[in-house]
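Good morning, and thank you for coming. I should like to take you through one structure this morning, beginning with a single chain and ending with the contact between two.

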Amino acid sequence: MTAPMLELRDVVRAFPVRDALGRSKGAVRAVDGVSLSVPRGSVLAIVGESGCGKSTLGRLALRLIEPDSGQILFEGEDLRSLSPAALRARRRDMQLIFQDPFASLDPRMTVEQAVAEPLRLHGIVPRAKERDRVAELLSRVGLRPELARRWPHEFSGGQRQRIAIARALASGPRLIVGDEPVSALDVSVQAQVINLLQDLIRELGLTFVLISHDLGVVRHIADRVAVMYLGRIVEEGPTAEVFSNPKHPYTRALLAAVPGQGHTKGAAALLEGDAPSPIDPPSGCRFRTRCPHAEAICAAQIPPLADHGHRAACHRQAELPPAAARHERDAGGERLKRLQAFFSDQRTGE
Amino acid sequence: MADNVLELRDVTVSFPTDRGLLRPVDGISFAVAPGRTTAVVGESGCGKSVTALAIMGLLPGGGRIGGSIRLAGREVSTLTPEEWRGKRGGEMAMVFQEPMTSLNPAFTAGEQVAEALRIHQKLDPKAAFDRAVEMLARVRIPDAARRARQYPHQLSGGMRQRVMIAMALACKPRLLIADEPTTALDVTVQAQILALIDELKRETGTAVVLITHDLGVVADHADDVVVMYAGRVAERAPAEQLFATPQHPYTIGLLGAAPKLEGGAARLASIEGTVPDLMHPPPGCRFAARCPFAVAKCREEAPPLGEVLPGHHVACWREPLDTLLENAA
């Protein structure tokens with residue numbers, strides 16, 4: 001069996017926290033003992049709410065920041081053992097797409113310059129072929145190559161995200177981490193970019209790590225999903241299975257909170273309060289302070305990620321009743337599906 | 001329906017700009033009854049937030065209102081800034097997306113809620129503060145008496161939004177406008193806040209205008225829906241009916257573009273293209289350039305908003321689209 005594209009073993013990363021006067025107030029363990037494996041050509045989603053550590057995890061995976069401990073293997077190779085030069089060469093294999101297409105493109109670079117930069121950096125094509133390659137990449141993401149001489153401010157949010165994707169593809173990466181890549185986009189434009197990402201993943205055989213808070217988007221494109229809460233993974237498994245049979249009370253609450261499932265779900269399904277401060281997380285299971293099922297053991301021991309069909313870190317998962325079935329509105333039914341089929345997607349960009 | 005709390009009739013909003021007159025809202029009409037939630041839904045630039053600001057008399061520099069906006073039967077679009085100030089916080093109140101920017105960082109949560117009570121209900125400072133603490137407890141801020149003495153930066157995002165709601169509802173307004181009230185919040189907190197608005201609406205009979213881009217939120221919390229596109233109303237209907245039998249192509253496309261929690265569709269319905277430049281809006285239907293059903297007439301002449309079923313209005317020349325399905329079958 002070949003090594004997975006990406007493997008994380010017990011990765012820990014903490015950040016010091018200081019008060020307004022610069023005095024140390026301790027540390028936030030943003031990622032606290034995470035192990036994950038991402039097979040080649042698959043899409044793994046990391047979901048969770050603000051402050052759960054999902055963005056830190058994405059940056060660790062690409063080695064944009066260093067872990068305090070643990071191992072990160074890229075195609076079986078520990079990136080920490082590489083020399084700076086070897087790591088630089090490896091960089092072309094892995095890329096990051098950010099949430100905000102307005103902040104991720106340099107306003108002083110034309111589209112062509114932005115997309116050509118990684119080509120040049122990694123010596124991917126001779127200078128003479130650069131322009132052709134940029135044109136190819138732009139049409140690959142659904143933009144007309146004539147737009148290459150324009151500046152970022154001339155484009156809409158959706159178009160900018162296409163440019164950012166073209167730039168990420170330029171070095172021919174095998175692994176892409178997308179940190180909320182469609183969250184800033186309007187729904188209709190978001191659908192265009194999701195369809196594009198799915199095509200690219202399939203056609204180029206990319207391995208994709210999607211960092212997202214949007215469970216609909218995750219369900220739509222991820223093969224596997226890892227749910228994070230305060231720096232730890234609480235549940236991980238095949239997306240369809242985790243969504244239809246969530247085992248961890250936090251995953252259940254997260255799914256129940258997604259709007260569009262009817263008001264009938266009642267206040268009982270809602271979590272109370274906010275997540276506790278990551279500076280001083282609860283002992284044992286970090287979710288226990290908001291968990292309706294918490295018992296003494298939950299405060300005393302950290303629950304292991306135990307495999308009952310798929311992995312979940314809950315002491316009580318074997319005793320909990322199965323998750324209540326969710327029903328999503330499907331009011332429009334067949335008529336709506338047939339009408340929506342008229343919105344065929346021609347991949348012409350905007 | 002003489003008892004509507006809010007009635008907009010053929011409302012336009014225009015701003016003078018260097019390039020000419022910009023009209024982000026161009027002839028919209030809808031009404032909101034007491035104790036009901038009307039969702040105004042659409043994507044960036046559709047005019048939904050400008051509509052909210054127009055109703056509140058908060059349009060930024062040079063914005064002009066045309067048409068009629070009536071609050072409890074009284075025309076408000078012609079009020080002076082002073083008169084409008086007298087209504088805000090009293091008869092009408094608003095909750096914004098970003099509570100951090102709409103709360104004053106220099107005053108405690110309790111003082112900010114108390115201020116509205118002092119001004120509009122003429123309570124003395126002590127009574128106003130006590131009542132503010134009650135309001136904070138009512139929006140389920142734990143340990144309200146202590147929290148009332150804290151400043152906004154000491155509160156979480158969800159708690160700040162609760163303070164905003166307490167402020168907005170302190171004087172029992174007839175109308176509450178909530179502009180993307182939960183967009184900046186995590187999903188579990190979003191669910192709490194929306195449930196809270198529903199509950200307070202039921203108790204007080206306040207009419208709610210919920211401005212949102214999220215069709216899931218609309219489905220769960222709205223009684224009536226106004227779908228806006230590029231400054232106009234594309235479709236207006238009772239919520240259940242809108243989701244059961246959407247009529248406008250834009251509504252239909254939007255419903256298909258949102259990824260579903262239950263998975264299913266291999267590919268999302270994709271509305272190609274982008275919204276038109278409102279400095280130079282097209283002469284016909286504003287959605288025509290992105291509409292798979294458009295014919296020549298759609299590009300030439302703007303469709304009127306017509307009632308196709310009781311209470312269900314749609315602005316589309318191609319309505320009913322169902323005949324296209326029959327022809328295809």
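**Chain B, its sheet and its partner**

Over residues 6–255 of chain B, the chain is 41% helix and 27% strand, and the C-alpha atoms at the two ends are 28 Å apart. That range is the one UniProt lists, in an unreviewed entry, for "domain: ABC transporter".

Please bear in mind that this is a predicted model. Its scores are ipTM 0.88 and pTM 0.90. For chain B, the average pLDDT is 92, and 99% of the residues score at least 70. As a general caution, predicted coordinates should not be read in detail where pLDDT is low.

Let us turn to the sheet. In which order do the strands of the open sheet of chain B run? The order is β6-β7-β8-β3-β9-β10-β12-β11, eight strands in all, and the pairing is mixed. At the edges stand β6 (92–95) and β11 (306–309) of chain B; each has a single partner strand, so one side of each is left without a neighbour in the sheet. On average, neighbouring strands here are turned by 20° against each other, direction ignored.

I shall now look at one edge. Strand β6(B) pairs with β7 (residues 175–179) of chain B in the parallel sense, over four bridges. Within this pair, B:Val95 stands opposite B:Ala178 of β7(B). Helix α7 (residues 157–169) of chain B packs on the sheet and touches both β6 and β7 of chain B. The direction of α7(B) makes about 175° with that of β6(B).

Chain A deserves a brief word. Its domain assignment gives domain 1, made up of 38–52 + 84–228, and domain 2, made up of 247–265 + 283–325. The C-alpha centres of these two domains of chain A lie 34 Å apart.

Finally, the contact between the chains. How many residues does each chain bring to it? Chain B gives 46 residues and chain A gives 44 residues. On the side of chain B that touches chain A, the elements giving two or more residues are α8 (187–204), α9 (215–221), α10 (239–244) and α11 (249–257) of chain B. Of these, α8(B) provides the largest share, seven residues. Sorted by class, that side of chain B has 24 nonpolar, 14 polar and eight charged residues.

To close, I would leave you with two points: the edge strands of the sheet in chain B, β6 and β11, each have a single partner strand, and α8(B) gives the largest share of chain B's side of the contact with chain A.

Note on methods. Residues are numbered from 1 along each chain as its sequence is written. Chains are lettered from A and ligands numbered from 1 in the order in which they are written. This is a predicted model: local features need pLDDT of at least 70, side-chain atom pairs count only at pLDDT 80 or more; totals for chains, interfaces and linings use all residues. Two residues are in contact if their C-beta atoms, placed from the backbone, lie within 7 Å. Ala, Val, Leu, Ile, Met, Phe, Trp, Tyr, Cys and Pro count as nonpolar, Asp, Glu, Lys and Arg as charged, and the others, Gly among them, as polar. UniProt positions are given in the numbering used here, feature names are shortened, and annotations may be inferred rather than shown by experiment. Domain bounds come from an automatic or database domain assignment. Two strands pair if DSSP finds at least two bridges between them. Axes are lines fitted to C-alpha atoms, for helices over the stretch in contact, and angles run from 0 to 180 degrees between N-to-C directions. pLDDT is the predictor's confidence in each residue, from 0 to 100.
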